[in-house]
Structure formats: structure tokens, C-alpha cells
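Visitor: I should like to understand how the terms applied to a protein model are justified. Please guide me through the reasoning.

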Amino acid sequence: MEDGFSSFWGPVTSTDRCEKNYVHSSYIAEFFNTISNIPGILFALIGLINALRQRFEKRFSVLHISNMILSIGSMLYHATLQRVQQQGDETPMVWEMLLYFYILYSPDWHYRSTMPTFLFFYGVGFAIAHALIRFEIGFKVHYIILCLLCIPRMYKYYIYTKDNYAKRLAKLYVATLFLGSICWLMDRVLCKEISHWYFNPQGHALWHVFMSFNSYFANTFLMFCRAEQRRWDPKVVHFFGVFPYVKIQKPKSQ
């Protein structure tokens, strides 16, 4: 890291990662950490097109769009290393988890208007607080708690799903989360040692790539589970025999 390094965007005012700054371009502070967000945008776009084409509920279109916004925010943050752009990355992270919470828990929530109303005002309140107060450790703890709240419901969906291809999506979701977390921790904990290596493995950039796959697998699995709830006869099919997506058959009355 090169703390305080000044270039096109000025001195670093955000949290700096283990990638050296402005090595490949005077306009991009962390080159690999920036471009590694491109898969997240592409996968979210694929998911959005599938959701719109098959007329899934709007919640999934919003979820895919939020994935795109998150990746774009992360690109701006790593390209500039400015505090405002970092907040533009972290705030959508929380909003996205609130969307996952709604998608996971709303089918069994009897008072339909209360959950989206609460989550909306919670998201707005967090955005305001995060803009006024800089809390790095507090943000991480808060984000981890939101993630942990979603795990029991994801596990429930997994054990009640009989389709082997859908279960495979859930397993891929867990695997990419595990691998991405290892890369993130390696970049975070071993940064001083990595800085002296001839080759930087770019653990944070790998985290972005793994999480791009992770989000796509999670979204696709949730689309399958929701289609089962709506009795849309979902099937996991593969584009060119490799890339999974959900195909549904709605009743004519819908």
C-alpha cells in the first residue's frame, strides 16, 4: 500500500487495500481491484435479462439491479480511493442484504406491508448514519450480522429443495463464499508479507470475482425456490451446457 499517495484523484482518504496504487494508470488507483468488478456487472445483467424475460416478480429485477449498483460502486471506490466513493460501495452492500432478507423471509410474513416499510426506513437510516459517521469495524460487524440472519433461511430452502441441480447451485454459493473469504483474509492479514513478494496474487480482486459468482448462484437458487412456491414448474438449465439459469412454466392463468 502507498498511504497518502496523490495522483489524479488526490490523496487517499478511504481504506487502502494491498494493491499498489496508480501502477497501471494515473486515473485508476487500484487497477485489479477495479476491473475485477466487471464480472459482477455482467452476471447481474444476465440475471436481470432472465428475470425480465420470464416475468419473475419485480423483487428479483431489483435484486439484480442492486448487484450491478454494488459492483459499479466498488469500481468507483477502488478507482479513486476516496471516502465518499467507499461509502458508495458500502451502503449498497447493506441495502443488498436487506433485499435478500426480504426475499428470504417475506413469503411467510403475514403482515405484508410492515416488512418492506421497516426495511426501507432501516436502509435510509443506515445511509444517513454512514454518511455522517465513519465506522469501519462497526460497519463490518453490522454487515456480518445481516449475513448471519440470512443463513438459517437459506439452509431451510436448501433442505426442502429436492431438485439436485438447484442443490448444486446452493453448494456453489457456499463454495464461492468460502474461497472468496480466504482470498479476502489473505489480502487483509498477510498484506505486509505480500508486499515483498515478486508477484501479488491480488486477493481482494479475487474476492470480487468469487463474489460475482456467489451473488449469481445465490440469486438463481432463490429464483428457483420462489418459482417452486408459486408453482411455476422451475427447472435449472444450462446455457451452452455450462452456465446455469432458471427456466419456468407459468400456468396459463398467470
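**Pockets and a hairpin**

Guide: The second largest pocket holds about 330 Å³ of space. Closest to its centre, of the 14 residues that line this pocket, are K20, Y198, F199, N200 and Q202. The model is predicted, so local features need pLDDT of at least 70 and side-chain atom pairs pLDDT 80 or more, while totals for chains, interfaces and linings use all residues. Residues are numbered from 1 along each chain as its sequence is written, and side-chain values use heavy atoms, without hydrogens and water.

Visitor: What makes a residue one of the 14 that line the second largest pocket?

Guide: A lining residue has an atom within 4 Å of a pocket point; a pocket is an open set of points, on a 1 Å grid over the protein atoms alone, where a 1.4 Å probe fits, with protein on both sides within 12 Å along at least five of seven lines. K20 is among the 14 lining residues, and therefore has such an atom.

Visitor: How are the residues of this lining divided by class?

Guide: Eight are nonpolar, four polar and two charged. Ala, Val, Leu, Ile, Met, Phe, Trp, Tyr, Cys and Pro count as nonpolar, Asp, Glu, Lys and Arg as charged, and the others, Gly among them, as polar.

Visitor: Why are strands β1 and β2 said to pair?

Guide: Pairing requires at least two bridges found by DSSP. β1 (residues 235-239) and β2 (residues 243-247) have five, in the antiparallel sense, and therefore they pair. H238 stands opposite P244 in β2. Three residues lie between the two strands of this hairpin, and F240 in the turn has a positive phi of about 55°.

Methods:
Helix = DSSP H or I, 4+ residues; strand = E, 2+ residues; numbered from the N terminus. Points joined across faces, edges and corners; volume = space filled by probe spheres on them.
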